[in-house]
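I'm opening a fresh page for a structure I haven't looked at before. My plan is to go through it topic by topic and jot down what I find.

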Amino acid sequence: MNEWDDQRELEERMRELLAEDAYTIRPSPAPYPAIRRRGLAERRRRVTVTGAALAALAAVPVGAYAVNGGDGARGADTAAPNPSASASRAPAARPSSAPDAPARPATKGQLLDGITFEQAADGLKECLRAEGGPAGSVRDLGRAKDYRIVLALKSTGDSNRPGDGVNVVAVREKPAGFRVVCTLQDGAASGISVSSSDAGPPDAGPVMPDVNGGKLYQQSFPDKGHWKLPFRWGVIGTVEPSVAKVTVSYGDGSTTAALDGTWFVAVGMLNRQVTLAPHIKGYDRTGKLVYDSDTDSTYQRTLP
C-alpha cells in the first residue's frame, strides 16, 4: 500500500466517524481525539496529510446530514434548522391563499327567502366569471373577494324574463360606490347589472338611491298594472356618515333600511299593483329629516 492509498483510507475513515455520529439522536461533539490519534499514527507511517485537507473535513458541521438530504433539500429529520444557514434549506412553503369569498353583509336580514351566504357567494362568483371580462380589460369586474354582499333575495319572473330566480347585490369600495346586481336562474348566471355612485348627480344629498336599482323593485314595462304578486322587492343606495336612519315605503308597506357601511338596504313584500316608486327618507342622529325622495328632482317618483 502506497502513501496515497493510506491517505484515502484515512479520509474515508474520518468521513465514516462523522457520518455515524451525525445520525445519532443526540449528536456528540466531533471525535477530534480519535481523528488526531489516527492522524498521528498515519503520520508515523509517513503518510502526508495536508493541514488544509484536515481542516476542510473537520469543518463539516455535526448533524449536517440530518438537516439536509443528500441533494441539499430539507430532510424529514426534526432537528431545528439553523436560522443563519437559510441558504442551505429549501424555500419555506408559501401560505395557502384565502378562498375567493366576498365579505358578509352587516345583518342576517339582508339574506332573504332562504338564501344562505354560501349560496349568495357562489352566485356572485358565477356571475363575475360568466359576465366579466379578462383581467385588466374594461369589462374586468374583479374577483368575488373584492366585494361585500349586501343583499340576496328572490327574483320574480315576468314576461320579459320568465321564471323565478335569485338576485345577489354586491358592492366594492374601489371604485367607491361600485355595485353589481347578479341575476341567477337555476344556479346559472342570467345577467348582471353594474352601476356606480359616480353616475349620480354632482350635488347629491346625504342619501342617494341607486340610479339603476329599479330592477330590484319593479317588473318589466309590458307587465305594467299586471305584476306577478306577491312580489319581493329591494331598494339600495348610498348614505353619508351623518345619516343614522333610512326608511322606505312602497305600496302597502313601510320598513327601516339596514345601514351597511356607506350603503342602505331595504326589503319588503308587495301585495298590490303600484304606480309610484318607493318613497325614501333619511334622518340624522337627532331625528331630523335630511332627505326625502319626494323633493329629490333627480329621483323618478313615477314608475315607467
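Here are my entries, starting with the overall picture and ending with some backbone details.

**Overview.** First reminder to myself: this is a predicted model. I looked up the secondary structure and got five helices and twelve strands. The protein has 304 residues, and 37% of them count as buried. I also checked how far contacts reach along the chain. Taking contacts between residues at least 6 apart in sequence, 56% join residues at least 24 apart.

**Cores.** Which residues touch the most other members of the largest nonpolar core? I found Trp233, Val246 and Ile280, in a core of 21 residues. Strands E6 (231–239), E7 (243–250) and E10 (263–270) each supply at least two residues of this core. I then picked Val246 and listed its contacts, leaving aside neighbours within four places in sequence. Among them are Val207, Val239, Leu259, Phe264 and Ile280, and Lys281 and Gly282 are on the list too. There is also a second, separate core, with 18 residues, including Ile115, Phe117, Leu124 and Phe178.

**Aromatic pairs.** How many aromatic pairs are there? The count came to four. I looked at Tyr147 and Phe178 to begin with. Their ring centres are 6.4 Å apart and their planes sit at 50°, so I noted the pair as tilted. Tyr147 is in the loop between helix H5 (117–131) and strand E1 (148–155), while Phe178 is in strand E3 (residues 178–185), so the pair ties together parts 31 residues apart in sequence. Are these two buried or exposed? Both Tyr147 and Phe178 are buried.

Next I turned to Trp233 and Tyr250. This pair is edge-to-face, at 5.3 Å centre to centre with 85° between the planes. Trp233 belongs to strand E6 and Tyr250 to strand E7, 17 residues apart, and the pair links distant parts of the chain. I checked burial here as well: Trp233 is buried, and Tyr250 is too. Tyr217 also comes in, since ring pairs link Tyr217, Trp233 and Tyr250 into a cluster. I recognised Trp233 from the core entry, where it was listed with Val246 and Ile280.

**Pocket.** The largest pocket has a volume of about 480 Å³. Which residues are closest to its centre? Of the 29 that line it, I noted Pro209, Asp296, Thr298, Tyr299 and Gln300. Strands E5 (207–209), E6 and E12 (289–292) each give at least two residues to the lining. The largest share, three residues, comes from E5. By type, the lining divides into 15 nonpolar, ten polar and four charged residues.

**Backbone oddments.** I went looking for cis peptide bonds. The bond from Lys174 to Pro175 is cis, with omega near 0°. Pro175 sits in the loop between strand E2 (165–172) and E3. The bond from Leu229 to Pro230 is cis as well, with omega near -5°, and Pro230 is in the loop between E5 and E6.

Then I checked phi values. Asp113 has phi near 55°, a positive value in a residue other than glycine. Its loop runs between helix H4 (64–67) and H5. Asp113 counts as partly exposed because its relative accessibility is 36%. Asp186 also has a positive phi, near 55°, and its place is the loop between E3 and strand E4 (188–196). Asp186 has 83% relative accessibility, so I wrote it down as exposed.

Note on methods
Residues numbered from 1 in each chain as written. Predicted model: local features only at pLDDT ≥ 70, side-chain atom pairs only at ≥ 80, totals over all residues. Heavy atoms only, no water. Core = buried A, V, L, I, M, F, W, Y, C linked by side-chain atoms within 4.5 Å. Buried < 20%, exposed > 50% of the residue type's maximum accessible area, 1.4 Å probe, protein only. Helix = DSSP H or I, 4+ residues; strand = E, 2+ residues; numbered from the N terminus. Contact = heavy atoms within 4.5 Å. 1 Å grid on protein atoms, 1.4 Å probe; cavity = no way out; pocket = protein on both sides within 12 Å on 5 of 7 lines; lining within 4 Å. Points joined across faces, edges and corners; volume = space filled by probe spheres on them. Nonpolar A, V, L, I, M, F, W, Y, C, P; charged D, E, K, R; others polar. Phe/Tyr/Trp six-rings, centres within 6.5 Å; stacked < 30°, edge-to-face > 60°.
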